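User: I would like to go through this model term by term, with each label set against its definition. Please take me through the reasoning behind each one.

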Amino acid sequence: MIRFHGIGASSGVATGPAEVRRFELPEIVPHKVSDPVPEAARLDRAIEAVLARLTALEERASADAGDEVGEIFEAHRMFLEDPSFSGAAREMIHDDLLCAEAAVERTVETLAAEFEDIGDEYFAARAADMRDIGNQLIREVLGIGQAGFADLEVPSVIVAYDLTPSETVTIPSGMALAFVTEVGSPTSHTAILARSLGIPAVVGIGGMEVASGAIIAVDGQAGTVWVDPDPTTLSALEDRKAHDDARQALAAVHAA
């Protein structure tokens, strides 16, 4: 048994197999294009496709997890519709003859760095928003498909470096037992989504190495994660879960 400590982001306990995902983009190699017009058209088509996807995700998130989560995707749409974002990428294409994917990458990193330099948690989250939008746009430009969990068929503890809103909202109902991420804070989107969905979450666990299928136990209140927990730990967590479930059921009865 190995125990790790992070930041408790959403209370509750869960035990199950790890599902380790790393959604990495291919390396973007900047190159010049001979004609900026069709390249700008590639960018425009990608923006239209991502805007349509964000609208659908906003509707789904609002229905499944509430308006607070839906507003995350509304903010993403507003970023993408902002002329200062798309205009900067188009300018690189027309003035520098830069390929669309590199123009998006450079624009996103410039804006994200500006947010991060402010040194505030709120603006750090906005930097994460920009990178989420940028990743979706680049995937659309390259035609490699969007990242997500639509194929997840076994209830699992989701383990990732980070979880973006656009990835998290694709998890089928009942398939996420808990979230464990290497980065994040109690105010990060991962934490907000986890609390809205009633899913235990621990964030900020750096250096945790685990393979898919390994049994993981999570205490979202204490911020503790066990890999291959021993029978005593499992029993204690199962007792706590049974107690929490009974308390929630009683609260639901009184609220009805």
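The questions below deal with burial, a helix, the empty spaces and two backbone angles.

User: What kind of model is this, and what limits apply to its values?

Analyst: This is a predicted model, in which local features need pLDDT of at least 70 and side-chain atom pairs count only at pLDDT 80 or more, while totals for chains, interfaces and linings use all residues. Residues are numbered from 1 along each chain as its sequence is written, and side-chain values use heavy atoms, with hydrogens and water left out.

User: Why is T107 called buried or exposed?

Analyst: A residue is buried under 20% relative accessible area, exposed over 50% and partly exposed in between, with a 1.4 Å probe and protein chains only. T107 has a relative accessible area of 4%, and therefore counts as buried. The residue lies in helix α4, where helices are DSSP runs of H or I with at least four residues and strands are runs of E with at least two, numbered from the N terminus. Leaving aside neighbours within four places in sequence, T107 is in contact with F85, A88, A89 and M92, contact being heavy atoms within 4.5 Å.

User: What makes S34 buried or exposed?

Analyst: S34 has a relative accessible area of 78%, so the residue is exposed. Its place is the loop between β3 (13-21) and α1. The C-alpha atoms of S34 and L97 are separated by 7.0 Å, although the two residues are 63 apart along the chain.

User: Which class does R42 fall into, and what does R42 touch?

Analyst: With 24% relative accessibility, R42 counts as partly exposed. R42 belongs to helix α1 and, not counting residues up to four places away in sequence, touches A100, E101, V141 and L142. From R42 to S235 the distance is 55 Å, C-alpha to C-alpha, across 193 residues in sequence.

User: How do you know that the length of α2 agrees with that of a helix?

Analyst: The expected span is 1.5 Å times one less than the number of residues. For the 15 residues of α2 (residues 67-81) this gives 21 Å, and the end C-alpha atoms are 20 Å apart, which agrees.

User: Why are the buried residues of α2 said to line one face?

Analyst: The buried residues of α2 are V69, G70, I72, F73, H76, R77 and L80. Seen down the helix axis, they fall within an arc of 145°, so they line one face of α2; the arc is that of the directions from the helix axis to the C-beta atoms. An α-helix has 3.6 residues a turn, so residues three or four places apart point the same way. The buried residues of α2 pack against α1 (36-65), α3 (83-96), α5, α6 and α7 (189-197), whereas D67 and M78 are exposed on the other side.

User: What makes one empty space a cavity and another a pocket?

Analyst: On a 1 Å grid over the protein atoms alone, a cavity is a set of points where a 1.4 Å probe fits but cannot get out, and a pocket is an open set with protein on both sides within 12 Å along at least five of seven lines. Grid points are joined across faces, edges and corners, and a volume is the space filled by probe spheres set on the points. The structure holds one cavity of 30 Å³ or more, and the largest cavity has a volume of about 100 Å³. The largest pocket has a volume of about 880 Å³; of the 34 residues that line it, the closest to its centre are A128, R131, Y161, D162 and T164.

User: What makes a residue part of a lining, and which helix supplies the largest share in each case?

Analyst: Lining residues have an atom within 4 Å of a point. In the largest cavity, α5 gives the largest share, four residues, and among the lining residues are F23, R53, D132 and E167. In the largest pocket, the largest share, eleven residues, also comes from α5.

User: What is notable about phi in L97 and D228?

Analyst: L97 has a positive phi of about 55° although it is not a glycine, and D228, likewise a residue other than glycine, has a positive phi near 55°. L97 is found in the loop between α3 and α4, and D228 in the loop between β8 (224-227) and α8 (231-255). L97 has a relative accessible area of 30% and is therefore partly exposed; D228, at 46% relative accessibility, counts as partly exposed too.
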